[in-house]
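Subject: The structure we talked about

Hi there,

Here is the structure I promised to pass on. Have a look at it first, and then read on for what turned up.

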Amino acid sequence: MSDSSPLPPVRLHPEAELARDALSTPLLARAARLARWAGEDTRVDAGGGLVEELLPSAAAHLGLTGDEAAAHASEAWRVAVDTGLVEIVDEEEGTVAPGEDLALLSGSPHDVLGVWLTALETALADASVPDLDDLVDAMSAEDGGGQIDFASLDWDPEAEQEFLDGVLGNLYLLTVSEDGPGDGPVPLPALAASMIVPSDMGEPTNDVLEQVSDAMMRLDDQFRFLEPVGIVEYQPVDEALMADADEEPAAAVDETDVSRYGMVRLTPLGLYGLRSRLLEAGIAAPAVGDLADKGADALLDGTAAFPPSAAQAETEQWLDRREPLAAARELLAAARGSDAGAPLRRLRCQQALSLVGPVAEPALREVLDDPELGGLARVWLVERGFGDVPAPSEDMVFWLTVDTIAAQLAAEGNSEELQGLVEGLAQQHGGFFAAAWKVDHPATADVLEAMGRLHPDKKVAKEARKAAFKARSQQGG
């Protein structure tokens, strides 16, 4: 996941709903049941794990059967200890008691989620560890039988944790992006490839495909392990495909049966958990609603880089908490400015005002003579059928045009929509460039240069570049 650009905002479910989800996850539910089951006769080993002879009864208490029952019980116990649901009273005697944090599971949603986040960290740490049998086989006899020989195991704990963190980061980004799958699942091959295949690589080499295949098998194990903590819903890789892995590389899949190679999606709880981890790591990970209690300046600046639907959702929450006329006045005041971010603020202001009803009319009329806001005010009033709207001067029309294009450039870059706008302007106004370079707007030269890049007609593009040169000369830059 790239740190160079801000993450799109995530839409989180209410904390009360997330807390209910957390309490019902198999791993935390089992940990809580074992914490309440533990008594005076419960004993742990030096590492805090249940002594082996107690594992069958712990598994039976949890209703677990089969070959993995003891392992699942041991995992749940470790989570109970790590989350403070169980407290080790005497390490030498190996005695335990219910932990103080056990009461948090009956507390506020925030308390419950705090316990679950600790359980998530335990699960993520365990998911990065290879199979225990492999670890035992890799114990170095020369080291006295107590140290793991990482070299013989070919396992780098830090690298493995970084890989899993990177995969989950990419899954988060795919989920919150407007052009991503949203609530839908992500194919495991695509997720593995996002970590292995360079972005500038055309056709992957056989070596890269083999690395992707190996990564998929690791992720298959890890997502199976993580599903009980509630972070993902996972459809595992088809067992038949793994049996034939030597004959058919798992990365070379057909679109029609890609689901056989594993499908994973973040749950609402998983989105909450990963966002919390991103924030803890110092990464800006906004959520829709973060700006609802802040001023209009924070709203317009904060939503500047948001995708359209997220910006609208954030603005709707902001407006819901305010009286419409007062909100309109606050938005207009925050939209003023001649800094580089001002055009996009005014665009977001215009979009926000489109959500306010006719009651905002007085606020728009108050700024009709404002050189920065008068143009958008006239557009708002005319579009809603209000009468007695003064016609804009030619200077205001050109200023608003430059401001609008500057905002679109900041929001979308050289998009097809902007190219269409540029072509339309040049076609409708034969003398556009002759007048546009004189517009007293900080972005005039940049806008004209962009029009020169975007217009497909070489003659028109040349006119735009000449106008940009004149504008820059006029600005003394």
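Which residues have the most contacts inside the largest nonpolar core? They are Leu85, Tyr172, Phe223 and Leu226, in a core of 75 residues. Helix H5, which spans residues 109-127, supplies the largest share of this core with nine residues. Please keep in mind that this is a predicted model.

As for the background, nonpolar side chains in soluble globular proteins tend to be buried together.

Phe223 is a good place to start exploring. Not counting residues up to four places away in sequence, Phe223 touches Val167, Leu168, Leu188, Leu191, Val232, Tyr234 and Val264.

Next comes the sheet. Three strands make up an open, antiparallel sheet in the order E3-E5-E4. Strand E3 (186-187) and strand E4 (232-235) are the edges, each pairing on one side only. E4 is joined to strand E5 (residues 263-266) by four bridges, and the two run antiparallel. If you want one pair to look up, Gln235 has Met263 in E5 as its bridge partner. Helix H8 (residues 157-176) packs on this sheet and touches E3, E4 and E5, with its direction at about 75° to that of E5.

One last spot: is Thr303 buried or exposed? Thr303 sits in the loop between helix H13 (296-302) and helix H14 (308-320). Its relative accessible area is 1%, under the 20% cut-off, so Thr303 counts as buried. Leaving aside neighbours within four places in sequence, Thr303 is in contact with Leu291, Ala311, Glu314 and Arg348.

Enjoy looking around!

Best wishes

Notes: Residues are numbered from 1 along each chain as its sequence is written. This is a predicted model: local features need pLDDT of at least 70, side-chain atom pairs count only at pLDDT 80 or more; totals for chains, interfaces and linings use all residues. Side-chain values use heavy atoms; hydrogens and water are left out. A nonpolar core is a set of buried Ala, Val, Leu, Ile, Met, Phe, Trp, Tyr and Cys residues joined through side-chain atoms within 4.5 Å. Buried means under 20% relative accessible area, exposed over 50%, partly exposed in between (1.4 Å probe, protein chains only). Contact means heavy atoms within 4.5 Å. Two strands pair if DSSP finds at least two bridges between them. Axes are lines fitted to C-alpha atoms, for helices over the stretch in contact, and angles run from 0 to 180 degrees between N-to-C directions.
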